[in-house]
Amino acid sequence: MSQSYKTISVEIDDHGIAKVVINRPEKLNALNDQVLNELAEVFKDIQINNEIKAVLLTGSGEKAFVAGADIKELADLDERSGRMASQKGQQIFQAIEDTRKPVIAVVNGYALGGGAELAMACHLRIATPNAKFGLPEVGLGLIPGYGGTQRLSHIVGNARALEMILTGKQVSAEKALEMGLVNNISENAEEEAKNLLGTILKNGPIAISKAIAAVYHSDDSNGYQVEADLFGLLCDTEDFKEGTGAFLEKRKPNFKGK
Ligand code: CO8
């Protein structure tokens, strides 16, 4: 990566998995303006860095993934600055969701407020058994503002989303799994996430990026059209010839991402 960050560390392993760690453990990785700005920069770099094939996002320390937006900074917001702060965070989280490389959150503790919203902006979520999800904003006289009202209802449905948002109550990792809010729970969540990414990365990289794009169009009225267009586009790739050729020749495919 081209830059060094103060609140985020990034390490790229031999398989092209970028491990992105939010590094503010003394404040349970709360998202202050600096963390948000750095997250935006990191994901811009990830999008254009060909060395990076997939992303694992987690929080530092034993206790928290991210305990929310930084309440100290929130306390001074008014109508105008509040709307702008919400929009800024929404855009950054949207850019994470729009990454066309798989992004997996390893939720290693509290994922509250903006932290739950950040995990939901990732494509997949693996939790440690001590993970706790919650949207406690109503207890602060607020509502979720980084896309949580929208993403939570897409993921778990309106009734369950409203229960979480209106009560502000935390849910355990097990409950989150039952609700479909996380893909899996593991004591070794990071290893599990890397294995999952390893399995994904054996497949054609263009197909992976188009699959992510197609799934995120599923709520649009033109989702089927997008699917057909992307399907057609993939039929013109060398990876498609390689994948089908390898099956017919009974060998493993060697995808080049072309
Ligand atoms: N913001 C700022 N500081 C925090 C936050 C936070 N969200 N969470 C924890 N901290 C700080 C604590 O103040 C404490 O700092 P210090 O040691 O200097 O006093 C340190 O982290 C450790 O925290 P605790 O001592 O509280 O640790 P506990 O183990 O006792 O408790 C909890 C852990 C339960 C997670 C507790 O810290 C807590 O309730 N945190 C706040 C959780 C919360 O309400 N999050 C939602 C915030 S609102 C939000 O995210 C809105 C998002 C949308 C914004 C859109 C527009 C801007």
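# Salt bridges, strands and a ligand shell in a predicted model

The side chains of R151 and E97 meet in a salt bridge, with 2.6 Å from N to O. R151 belongs to helix α5 and E97 to helix α3, so this pair ties together parts of the chain that are 54 residues apart in sequence. The structure in which this contact appears is a predicted model. Where do the two partners stand, buried or exposed? R151 counts as buried because its relative accessibility is 10%, and buried means under 20%. E97 likewise counts as buried, at 11% relative accessibility.

This salt bridge belongs to a wider set, for a search of the whole structure finds 12 of them. Another one joins E190 and K19, whose closest N and O atoms are 3.1 Å apart. This pair links distant parts of the chain: E190 lies in helix α8 (residues 189–201) and K19 in strand β2, 171 residues apart. E190 is partly exposed, with a relative accessible area of 28%. K19 is also partly exposed, and its relative accessible area is 22%.

A further salt bridge is found between E249 and R251, where the closest N and O atoms are 2.8 Å apart. E249 counts as exposed at 54% relative accessibility, because the class of exposed residues begins over 50%. R251 is partly exposed, with a relative accessible area of 36%. Which residues are joined into one network by salt bridges that share partners? They are K19, E190 and K194.

The strand that carries K19 leads to the next topic, the pairing of strands. Strands of a sheet pair through backbone hydrogen bonds, and the pairing may be parallel or antiparallel. Strand β1 (residues 8–12) and strand β2 (residues 17–22) pair in the antiparallel sense over 5 bridges. Within this pairing, V10 stands opposite V20 in β2. The hairpin of β1 and β2 has 4 residues between the strands, and G16 takes a positive phi near 80° there.

An open sheet is formed by 4 strands in the order β4-β6-β8-β9, with mixed pairing. Which strands lie at its edges? They are β4 (64–66) and β9 (171–172), each of which pairs on one side only. The pairing of β9 with strand β8 (residues 132–134) is antiparallel and runs over 2 bridges. In this pairing, F133 has V171 in β9 as its bridge partner.

One strand of this sheet, β6, also takes part in the surroundings of the ligand. Together with α2 (71–74), α3 (79–97) and α4 (114–121), strand β6 (110–112) is listed among the elements that each supply at least two residues of the shell around the ligand. There are 23 residues around the ligand, and those that come nearest are K27, K63, A67, A69 and G114.

Several of these residues place polar atoms close to polar atoms of the ligand. The side chain of K27 has an N or O atom that is 2.5 Å from an oxygen atom of the ligand. For A67, a backbone N or O atom lies 2.9 Å from a nitrogen atom of the ligand. G114 likewise uses its backbone: one of its N or O atoms lies 2.8 Å from an oxygen atom of the ligand. The ligand on its own has 1100 Å² of accessible area, of which the protein covers 67%.

The loop before β6 offers a polar contact within the protein. N108 lies in the loop between β5 (103–107) and β6, and the side chain of N108 reaches the backbone oxygen of G61 at 3.4 Å. Is N108 buried or exposed? N108 is buried, with a relative accessible area of 11%.

The last stop is on the surface. I71, L140 and L142 form a nonpolar patch there, and together these residues have about 270 Å² of accessible area. One of them, L142, lies in the loop between β8 and α5 (148–156). L142 is partly exposed, with a relative accessible area of 40%; this value can enter a patch because patches are made of residues with over 30% relative accessible area. The path thus ends beside helix α5, the helix that holds R151.

Conventions. Residues are numbered from 1 along each chain as its sequence is written. This is a predicted model: local features need pLDDT of at least 70, side-chain atom pairs count only at pLDDT 80 or more; totals for chains, interfaces and linings use all residues. Side-chain values use heavy atoms; hydrogens and water are left out. Two strands pair if DSSP finds at least two bridges between them. Patches are made of residues with over 30% relative accessible area and no salt bridge: like charges are joined within 9 Å, nonpolar side chains (Val, Leu, Ile, Met, Phe, Trp, Tyr) within 5 Å. Accessible areas come from the Shrake-Rupley method with a 1.4 Å probe; for residues, only the protein chains shown count as cover. A salt bridge is a side-chain nitrogen of Lys or Arg within 4 Å of a carboxyl oxygen of Asp or Glu. Buried means under 20% relative accessible area, exposed over 50%, partly exposed in between (1.4 Å probe, protein chains only). A residue is near a molecule or strand if one of its heavy atoms lies within 4 Å of it. A polar contact is a pair of N or O atoms within 3.5 Å; within protein, one must be able to donate a hydrogen and the other to accept it, and residues adjacent in sequence count only if both atoms are side-chain atoms.
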